[in-house]
Amino acid sequence: EIHNSSREVQEFLYQIFDGWKFEKKVTIIDPTTKKKIEEKKVVSVAAVNFFGATDQPGALLPALHRRFTKREFDEYSVGEIRAIVQAHAEHLKVEITPQAAGLLAEISKQIPGEAAKLLVGLETWIDPGVSQVTEELTRQYLEDSGVDLETGLTARDLSYLRAINKVPSGAATLTYLKAIIKYDETYITGQIEPFLVTEDYVRIDSKGRSLTNKAKKLLEEKDA
């Protein structure tokens with residue numbers, strides 16, 4: 001989650017990447033006057049391969065972003081995400097059935113980070129006395145979290161669709177959506193839109209993002 005790094009940390013990183021060294025302020029005592037003197041010391045570090053994992057590269061400072069070589073990976077299968085959920089549940093000491101883990105995998109749209117967030121939210125939601133997380137409990141949690149189990153749409157997806165629906169022209173720009181739903185443009189195009197386009201809720205063309213009749217009907221039913 002390198003995009004969560006503060007501006008100071010990111011500036012420090014690209015200073016290192018430029019020459020594998022950085023300046024550090026040190027305080028020394030003058031042996032004669034006994035006064036404190038601040039000096040700058042150059043510290044060298046070993047040249048290494050640095051990996052920064054993120055699903056919001058656009059949130060990085062441009063100067064740091066340019067110093068990375070972009071690498072993308074194939075999507076995970078539902079089975080792989082289910083295995084990740086089960087491993088994460090074991091780490092959290094949460095006993096979860098394969099069916100419950102599979103449901104979280106499906107709703108996560110094959111995104112490991114989303115699956116992990118859902119599991120952590122589920123762990124917080126369940127009663128402390130519950131010994132095993134079942135599919136039924138998982139369904140109740142997802143519904144309480146605003147997930148439409150019939151369509152697989154999350155509260156985030158619906159927020160995106162409603163934002164487009166409010167545009168008088170019917171076509172929303174990426175800049176507009178970023179401002180309304182508070183997600184980075186890269187995250188919107190990489191994590192939100194693929195599912196909505198594949199499931200025929202959104203069309204993207206030169207005019208922008210527009211809702212399909214399927215999406216309009218869904219919002220009419222939900223917002224009635």
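**A friendly note on this predicted model**

1. Read along the sequence, the order of elements is α-β-β-α-α-α-α-α-α-α-α-β-β-α. That makes 10 helices and four strands; helices (H or I, at least four residues) and strands (E, at least two) are DSSP runs, numbered from the N terminus.

2. A word on how to read what follows. This is a predicted model, in which local features need pLDDT of at least 70, side-chain atom pairs count only at pLDDT 80 or more, and totals for chains, interfaces and linings use all residues. Residues are numbered from 1 along each chain as its sequence is written, and side-chain values use heavy atoms, with hydrogens and water left out.

3. Overall shape comes next. The radius of gyration of the protein is 24 Å, while a compact globule of 224 residues would have one near 17 Å. This radius is taken over C-alpha atoms, and the globule rule is 2.2 Å times the number of residues to the power 0.38. The C-alpha trace spans about 80 × 50 × 30 Å along its principal axes.

4. How much is covered? Of the 224 residues, 33% count as buried; buried means under 20% relative accessible area, exposed over 50%, and partly exposed in between (1.4 Å probe, protein chains only). The accessible surface comes to about 14300 Å², and carbon and sulfur atoms hold 50% of that surface. These areas come from the Shrake-Rupley method with a 1.4 Å probe, and for residues only the protein chains shown count as cover.

5. Among contacts with a separation of 6 or more, 54% are between residues 24 or more positions apart. Contact here means heavy atoms within 4.5 Å.

6. Now to the hairpin near the start of the pattern. Strand β1 (residues 21–29) and β2 run antiparallel and are joined by nine bridges; two strands pair if DSSP finds at least two bridges between them. Thr 27 has Glu 38 of β2 as its bridge partner. Six residues lie between the two strands of this hairpin, and Lys 34 in the turn has a positive phi of about 65°. Strand β2 (residues 36–44) is hardly covered, with zero buried residues among its nine.

7. Just ahead of β1, have a look at Trp 20, which sits in the loop between α1 (7–19) and β1. Its phi is near 55°, a positive value in a residue other than glycine. Is Trp 20 buried or partly exposed? With a relative accessible area of 25%, Trp 20 is partly exposed.

8. The other hairpin joins β3 to β4 through two residues. Strand β4 (residues 208–211) pairs with β3 in the antiparallel sense over four bridges, and Arg 203 stands opposite Ser 210 in β4. In the loop between α9 (185–198) and β3 (202–205) lies Asp 200. Asp 200 is a residue other than glycine with a positive phi, near 60°, and it counts as partly exposed at 35% relative accessibility.

9. Which residues of helix α7 (residues 155–165) are buried? They are Arg 156, Asp 157, Leu 158, Tyr 160, Leu 161, Ala 163 and Ile 164. Their cover includes α5 (112–125), α8 (174–181), α9, β3, β4 and α10 (213–222).

10. Finally, the segment before α1 contains Asn 4. Asn 4 counts as exposed, at 58% relative accessibility. Its C-alpha atom is separated by 23 Å from that of Ile 81, which is 77 residues apart from Asn 4 along the chain.
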